[in-house]
Amino acid sequence: MNQTQLLTQQQQAIIPIAAFAAVGDLHHLNNALNHGLDVGLTINEIKEILTQVYAYAGFPRSINALGIFMSILEERQQKGLNDKEGPAPSAPIPMGNELLLLGTANQTKLAGEPVSGKLFDFAPAIDNYLKTHLFGDIFARDNLSWQDREIATIAMLAVINGAEPQLKAHINIGMNIKLTENQLRTLIDVLAKQVSIESADRTQAALSQILKK
């Protein structure tokens with residue numbers, strides 16, 4: 001397999017961090033966070049991942065994960081470990097109608113086409129939240145790549161029972177932004193070995209459905 005088609009060590013480290021944060025497994029998250037720092041994820045990259053958790057698993061899981069991460073950084077500093085801070089987002093996030101336009105454009109690029117449907121007509125508020133906040137506020141923060149955000153999102157959704165439609169949708173998005181089949185299979189392998197067989201099976205089933213089309 002061509003090495004360029006595989007996930008990097010840092011990308012593989014994102015998977016258990018996102019998954020354990022989303023499911024609220026703080027014990028295993030502790031180990032995953034330390035490993036992520038050890039293989040070169042920056043502090044700000046991990047902050048982005050743990051903050052993004054709230055969009056898929058809720059504020060309590062995100063806040064608890066960030067609290068664990070803060071404690072880990074304090075412990076590592078006491079041990080003399082100097083972890084890289086990493087860049088902050090490079091530009092301010094727009095507001096108002098400009099944010100809606102940016103989020104809509106980001107959503108369209110990620111999905112490969114404009115996103116619409118009866119559900120969004122039925123509950124237009126959720127459409128607005130998705131466009132302005134998830135795809136605007138969050139995906140406009142450019143200190144974590146879209147591919148890495150989707151790797152994190154797939155891992156989060158993989159551990160949430162009942163989120164199979166969203167998992168399938170985000171695998172589609174991942175492939176649309178050039179995550180390869182081999183990279184997704186590596187993601188599944190990491191889930192199986194480091195998170196749970198159930199999450200890996202759920203992701204494999206979603207990927208298989210997509211590849212059959």
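How many aromatic pairs does the rule give? The count comes to three. The model behind this count is predicted.

Take Y54 and F59 to begin with. Their ring centres lie 4.3 Å apart. Their planes meet at 15°, and stacked pairs have planes under 30 degrees apart, so this pair is stacked. Y54 has a relative accessible area of 18%. The cut-off for buried is under 20%, so Y54 counts as buried.

Now turn to F139 and W146. This aromatic pair is edge-to-face. The distance is 6.3 Å centre to centre, with 70° between the planes. How accessible are the two partners? F139 is buried, with a relative accessible area of 2%. W146 is partly exposed, at 24% relative accessibility. Ring pairs also bring in F135, so that F135, F139 and W146 form a cluster.

Next come the domains. The assignment splits the protein chain into domain 1, made of 9-91 + 141-212, and domain 2, which covers 92-140. By these bounds F139 falls in domain 2, while W146 falls in domain 1. The C-alpha centres of the two domains are 22 Å apart.

What do the two domains share? In contact are 13 residues of domain 1 and 13 residues of domain 2. Interface size is often given as the accessible area lost when the parts come together. Here domain 1 and domain 2 bury about 1200 Å² between them. Carbon and sulfur atoms carry 62% of that area. On the side of domain 1, A91, R141 and W146 lose the most area to domain 2. Together these residues account for 45% of what that side buries. W146 thus has two roles in this account: a ring partner of F139, and one of the residues of domain 1 that lose the most area.

Which polar links cross the interface of domain 1 and domain 2? The rule finds seven residue pairs in polar contact there, with both residues at pLDDT 80 or more. Salt bridges between the two domains number zero. Three elements each give two or more residues to the side of domain 1 that touches domain 2: α3 (43-57), α8 (146-158) and α9 (164-176). The largest share of that side, four residues, comes from α3.

Salt bridges do occur elsewhere. Side chains of opposite charge can pair when their charged atoms come close. A search of the whole structure finds eight salt bridges. One of them joins the side chains of E48 and R141, at 2.6 Å from N to O. E48 sits in helix α3 and R141 in the loop between α7 (124-138) and α8, so the pair ties together parts 93 residues apart in sequence. E48 is buried, at 7% relative accessibility. R141 is partly exposed, at 30%.

Another salt bridge links R202 and E164, whose closest N and O atoms are 3.2 Å apart. This pair also connects distant parts of the chain: R202 is in helix α11 (residues 197-212) and E164 in helix α9, 38 residues apart. R202 counts as buried at 18% relative accessibility, whereas E164 is partly exposed at 32%.

R76 and D83 make a further salt bridge, with closest N and O atoms 2.8 Å apart. R76 is buried, at 6% relative accessibility. Which residues join in a network here? Salt bridges link D38, R76 and D83.

Note on methods. Residues numbered from 1 in each chain as written. Heavy atoms only, no water. Phe/Tyr/Trp six-rings, centres within 6.5 Å; stacked < 30°, edge-to-face > 60°. Buried < 20%, exposed > 50% of the residue type's maximum accessible area, 1.4 Å probe, protein only. Domains from an automatic or database assignment. Contact = heavy atoms within 4.5 Å. Buried area = accessible area lost by both parts, 1.4 Å probe. Salt bridge = Lys/Arg side-chain N within 4 Å of Asp/Glu carboxyl O. Polar contact = N/O pair within 3.5 Å; in protein donor to acceptor, adjacent residues only side chain to side chain.
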